[in-house]
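Got the viewer open and your mouse at hand? Let's take a walk through this structure, one selection at a time.

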Amino acid sequence: MKVVIIGGGWGGCAAAVAAKKAGAEVEIFERTDLLLGVGNVGGIMRNNGRYTAAEELISLGAGDLIRIMDNNAIHKNIDFPQHKHAWLCDVSKVEPQVREYLLSLGIKINFTSRAIDVIKEGNKIKSVKFYDKSIVEGDAFVEATGSTGSMDNCTKYGNGCVMCVLRCPTYGMRVSLSAKAGIIDIPGERGDGTIGAFSGSCEIPRESLSPELLKELEKTGSVILKISPEDVNLDKLNTKVCQQYALKEFAENIILLDTGHIKVMTSYYPIEKLRKIKGLENARYMDPYSGGKGNSVRYLSSTPRGDDMKVVGLDNTFVAGEKAGFFIGHTEAMCTGTLAGHNAVRNSLGMDTLILPRKTVIGDIVAYANERLNTSDGKRVRHTFSGAEYFERMKTLGLYSINNEEINKRIETLGLKGVFENTLIS
Ligand SMILES: Cc1cc2nc3c(=O)[nH]c(=O)nc-3n(C[C@H](O)[C@H](O)[C@H](O)COP(=O)(O)OP(=O)(O)OC[C@H]3O[C@@H](n4cnc5c(N)ncnc54)[C@H](O)[C@@H]3O)c2cc1C
């Protein structure tokens, strides 16, 4: 049985690992020359409720990608405003390690392979068409194309193509394959109803910091630098994807995190103002290159799906990552990707698909995101274990825990220990 995965971000990679472990032949098709998509400029893991979700994944038998990130953590248990026990991982080192791991499992990876259309047979996708005119057939499909760009969208809903890590001018635009199969996409909205939202952080090279500031950051992992009052722009918070960082502290200060490259926790910020801050006199942006003026626009499209990640209206197609709803984060993409990849195999075998119980944070966020979509402001809420609405919910429901033993016990009691390790094809 062959599972075809379109998009090699964290969502697609997690889906590939899960489908492979379940026993399928797996191929990833990625439009750029790198795995991990926008995850190449992230690095914050295990902050707030992401800790619980990461430990759940490990206990469920799907901790492979969490372990790679953990192995690359350069700072552990860092606190920064409203965020506790974050692990900061060196994203400059992770992509080759994920690539090597996937290949070692026998997953085939095709780069510079941009899917542009699908061929259907009834309610099933039969094959996917690529830009180079090749056609690939599969028994099951996982769409993990993300929700960012293309540059037309970044121009229409943002401040232009900002030259981010997705590099649309070179590799071509994102394509929503479920939309090509006739399923209507759901776009996310900002507070004022505008479609999409700006990514919430930029990166600057570590060598552009003053030696004193770099030394401090290497020691502590995070620093908070005060912005002079005339340069504070609170309005910008409303346009930010990351509702967990849309807080006053993030507008009144420049918050830097050491994730290999230096993460600046703001969507965009004029370079001349950035350079007024002590230690940042020589700063320049490396992602996005136009971080002084804008950032990539995300949450432009999501696919209607069930709580097993199956696309509503398609019998053999599953969806993962940001494309599966308004999820933010590497951990969130790994959770939805794992479920999508595993269920793609179950479904092809004629087995019942797995819906994780709501006593797990993964099961609950997947179901809650769907429920929330049907409420009046549902398209304006983003979902992450790391803050904002969903983290509050986790705490209220008593699902938040940083006790590994307790999390593991919860999964064992539910009879789900190692469920994603099981081979389904004999
Ligand atoms: C600047 C920035 C900083 C971030 N920082 C963090 C952080 O510190 N911690 C954290 O947890 N999260 C962070 N996030 C969020 C997190 O990275 C994302 O939510 C998550 O990685 C999304 O994964 P994904 O697989 O759903 O999508 P993507 O990463 O967008 O991957 C989609 C992939 O599909 C490919 N693709 C699209 N269309 C096609 C097509 N037609 N054919 C073939 N391939 C296609 C794309 O090239 C891409 O590689 C950050 C995001 C950004 C933008």
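Start by selecting Lys263 together with the ligand. A polar side-chain atom of Lys263 sits 2.9 Å from a nitrogen atom of the ligand. Keep in mind that you're looking at a predicted model, so treat each distance as something computed from it.

Now hide everything but the ligand for a second. On its own, the ligand exposes 1000 Å². Bring the protein back, and 98% of that area is buried.

Which elements give two or more residues to the shell around the ligand? Color helix H1 (10-21) and helix H11 (330-348), and you have them.

Next, stay with the ligand and select Val38. A polar backbone atom of Val38 is 2.9 Å from an oxygen atom of the ligand. Then click on Gly43: here a polar backbone atom is 3.2 Å from an oxygen atom of the ligand.

Ready for the whole shell? Select the 37 residues around the ligand; the nearest are Glu30, Arg31, Glu322, Gly329 and His330. If you color the shell by class, you'll get 12 nonpolar, 17 polar and 8 charged residues.

**Along the strands**

Go to strand E15 (residues 261-264) and show strand E12 (residues 202-204) with it. These two pair in the antiparallel sense, over 3 bridges. For a spot to zoom in on, pick Ile204: opposite it, in E15, stands Ile262.

E15 has another partner to look at. Add strand E14 (residues 253-259), which runs antiparallel to E15 and is joined to it by 4 bridges. Select Leu256 and you can find its bridge partner, Val264, in E15.

How many residues sit between the strands in the hairpin of E14 and E15? Just 1, and in this hairpin Gly260 takes a positive phi near 90 degrees.

**Zooming out**

Show the whole protein chain as a cartoon. You'll have 14 helices and 17 strands to scroll through. The C-alpha atoms fill a box of roughly 60 × 50 × 45 Å along the principal axes.

Is that in line with a compact globule, or out of line with it? A compact globule of 426 residues would have a radius of gyration near 22 Å, and the protein chain has 20 Å, so the two agree. Color by burial next: 61% of the 426 residues count as buried.

**Two stops to compare**

Select Asn71, which lies in helix H3 (residues 64-71). Is Asn71 buried or exposed? Its relative accessible area is 64%, and the cut-off for exposed is over 50%, so Asn71 is exposed. Now draw a distance to Val17, which is 54 residues away along the chain: the C-alpha atoms of the pair are separated by 18 Å.

Then jump to Val232, in the loop between strand E13 (222-226) and helix H9 (248-252). With 26% relative accessibility, Val232 counts as partly exposed, because that class runs between the 20% and 50% cut-offs. Draw another distance, this time to Val98: from C-alpha to C-alpha you should get 39 Å, for residues 134 apart in sequence.

**Backbone oddities**

Time to look at the backbone itself. Most peptide bonds are trans, and most residues other than glycine have a negative phi. Here are some spots that go the other way.

Select Gly149 and Ser150. The peptide bond from Gly149 to Ser150 is cis, with omega near 5 degrees. You'll find Ser150 in the loop between strand E10 (140-143) and helix H5 (151-157).

Move on to Asp287 and Pro288. A cis peptide bond joins this pair too, with omega at about -15 degrees. Pro288 is in the loop between helix H10 (271-274) and strand E16 (297-298).

Now for phi. Click on Asn48, in the loop between strand E3 (44-45) and helix H2 (50-60). Phi of Asn48 is near 45 degrees, a positive value in a residue other than glycine. Asn48 has a relative accessible area of 3%, so it is buried.

Where does His85 lie? Look in strand E5 (residues 83-89). Phi of His85 is near 45 degrees, again a positive value in a residue that isn't glycine. At 10% relative accessibility, His85 counts as buried, since buried means under 20%.

Definitions and conventions:
Residues numbered from 1 in each chain as written. Predicted model: local features only at pLDDT ≥ 70, side-chain atom pairs only at ≥ 80, totals over all residues. Heavy atoms only, no water. Near = heavy atom within 4 Å. Polar contact = N/O pair within 3.5 Å; in protein donor to acceptor, adjacent residues only side chain to side chain. Areas by Shrake-Rupley, 256 points an atom, 1.4 Å probe, with all protein chains shown as cover. Nonpolar A, V, L, I, M, F, W, Y, C, P; charged D, E, K, R; others polar. Pairing = 2+ DSSP bridges. Rg over C-alpha atoms; globule rule 2.2 N^0.38 Å. Buried < 20%, exposed > 50% of the residue type's maximum accessible area, 1.4 Å probe, protein only.
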